[in-house]
Amino acid sequence: MLISIIIPTYNRAHLISETLDSILAQTYLNWECIVVDDGSTDTTADVMREYIKKNSRFQYHQRPDNKKKGPKSCRNFGFELSKGECINWVVSDDVMLPYLLEKQVLSFAKNVEMSVCKLSYFDFKKKISIRENIIFSNNLIADYLIGNVTFYISGPLWKRSFLEKQNQLFDESLTNLDDWDFNLQMLYQKPNITYVNEVLILYRIHGN
């Protein structure tokens with residue numbers, strides 16, 4: 001099963017290598033990684049050229065001029081380019097633990113449409129975990145609405161067949177909280193969810 005990892009990025013040349021290295025370290029090997037640049041003015045393009053030389057599973061694309069600036073349109077564009085049976089949107093400074101993709105793929109049963117794992121707020125300078133998110137509730141939508149449950153963007157792995165049924169993925173008119181809105185809109189469609197109750201992603205805490 002091919003997994004499409006979609007990463008919007010903007011001026012993260014100093015951080016994205018750690019994200020890409022964590023993808024290369026995955027024990028699950030059947031993936032493609034699509035990086036969509038939102039108009040970076042740093043050396044992101046140079047960094048990506050090196051990774052594409054290193055591994056042909058990496059792709060690098062510029063956001064088309066006819067699409068709105070912002071991570072929402074980059075995520076939607078990445079989905080248009082993707083070929084995977086499963087989709088994982090990732091933030092360009094998150095770090096995957098090596099068994100992330102393998103454990104999420106193994107969690108998929110026949111009718112599962114989404115697998116979600118936990119992540120840790122991580123201070124890379126101090127090398128400490130600050131806290132972990134909560135992903136499970138018996139009253140999921142209500143608890144998601146008030147913030148008791150948080151998925152973020154990197155936590156879920158989605159079946160493409162479920163996403164293709166939706167009228168809209170990321171709302172490009174929003175200026176903030178587009179990932180929260182996306183997950184909520186998907187939850188309203190009542191996907192069949194499986195949970196990996198384990199931290200498999202490090203969510204970077206830093207000044208930017």
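**Note on the predicted model**

1. Val95 stands opposite Leu202 in S9. This pair belongs to the junction of S5 and S9, which run antiparallel to each other and are joined over two bridges. The model under review is predicted, and the points below concern its overall form, its sheet, its cores, two of its helices and two buried acidic residues.

2. Overall form. The chain contains seven helices and nine strands. Its radius of gyration is 16 Å, close to the 17 Å that the globule rule gives for 208 residues, so the chain is as compact as a globular protein of that length. The C-alpha trace spans about 45 × 40 × 35 Å along its principal axes. Of the 208 residues, 53% are buried. Contacts between residues at least 6 apart in sequence join residues at least 24 apart in 77% of cases. The exposed area of the chain is about 10,100 Å², of which carbon and sulfur atoms supply 50%.

3. Strand S6 and its partners. S6 is mostly covered, with ten of its ten residues buried. With S9, S6 pairs in the parallel sense over nine bridges. Within that pairing, Cys117 stands opposite Val196, and the bridge partner of Phe122 is Arg204. S6 also pairs with S7 (residues 128–132), here in the antiparallel sense and over four bridges; Ser120 stands opposite Glu132 in this pairing. A further antiparallel pairing, over three bridges, links S6 to S8 (residues 156–159), where Val116 has Pro156 as its bridge partner.

4. The largest nonpolar core. This core has 31 residues, and those with the most contacts inside it are Ile3, Ile5, Ile7, Leu20, Ile23, Trp31 and Cys33. Two or more residues each come from strands S1 (3–9), S2 (31–37), S6 (114–123) and S9 (193–204), and from helices H1 (16–24), H2 (44–54) and H4 (100–107). Cys33 illustrates the packing: apart from residues up to four places away in sequence, Cys33 touches Ile5, Ile7, Leu20 and Ile23, together with Arg57, Phe58 and Gln59.

5. The second core. What residues does the second, separate core include? Among its 21 residues are Ile87, Leu140, Tyr144 and Phe151.

6. Helix H1. The residues Ile16, Thr19, Leu20, Ser22 and Ile23 of H1 are buried. Seen down the helix axis, the buried residues of H1 fall within an arc of 155°, so they line one face of the helix. Their cover includes S1, S2 and H2, as well as S3 (58–62) and S5 (95–96). Leu20 and Ile23 thus deserve a second mention, as they are also listed among the residues with the most contacts inside the largest core.

7. Helix H2. Here the buried residues are Thr44, Val47, Met48 and Tyr51. Viewed down the axis of H2, they fall within an arc of 95°, so they line one face of the helix. The elements covering them include S1, H1, S2 and S3. H2 is likewise included in the cover over the buried residues of H1.

8. Glu113. This residue is found in the loop between H4 and S6. Is Glu113 buried or exposed? Its relative accessibility is 15%, and the cut-off for a buried residue is under 20%, so Glu113 counts as buried. Leaving aside neighbours within four places in sequence, its contacts are Phe108, Leu157, Trp158, Lys159, Phe162, Lys165, Lys190, Pro191 and Asn192. Among these, Leu157, Trp158 and Lys159 lie in S8, the strand of residues 156–159 that pairs with S6.

9. Asp181. Helix H7 (residues 178–188) holds Asp181. At 15% relative accessibility, Asp181 also counts as buried. Apart from neighbours within four places in sequence, Asp181 is in contact with Asp171 and Leu174. The C-alpha atoms of Asp181 and Leu145 are separated by 9.6 Å, the two residues being 36 apart along the chain.

Note on methods: Residues are numbered from 1 along each chain as its sequence is written. This is a predicted model: local features need pLDDT of at least 70, side-chain atom pairs count only at pLDDT 80 or more; totals for chains, interfaces and linings use all residues. Side-chain values use heavy atoms; hydrogens and water are left out. A nonpolar core is a set of buried Ala, Val, Leu, Ile, Met, Phe, Trp, Tyr and Cys residues joined through side-chain atoms within 4.5 Å. Buried means under 20% relative accessible area, exposed over 50%, partly exposed in between (1.4 Å probe, protein chains only). Contact means heavy atoms within 4.5 Å. The arc is that of the directions from the helix axis to the C-beta atoms. The radius of gyration is taken over C-alpha atoms; the globule rule is 2.2 Å times the number of residues to the power 0.38. Accessible areas come from the Shrake-Rupley method with a 1.4 Å probe; for residues, only the protein chains shown count as cover. Two strands pair if DSSP finds at least two bridges between them.
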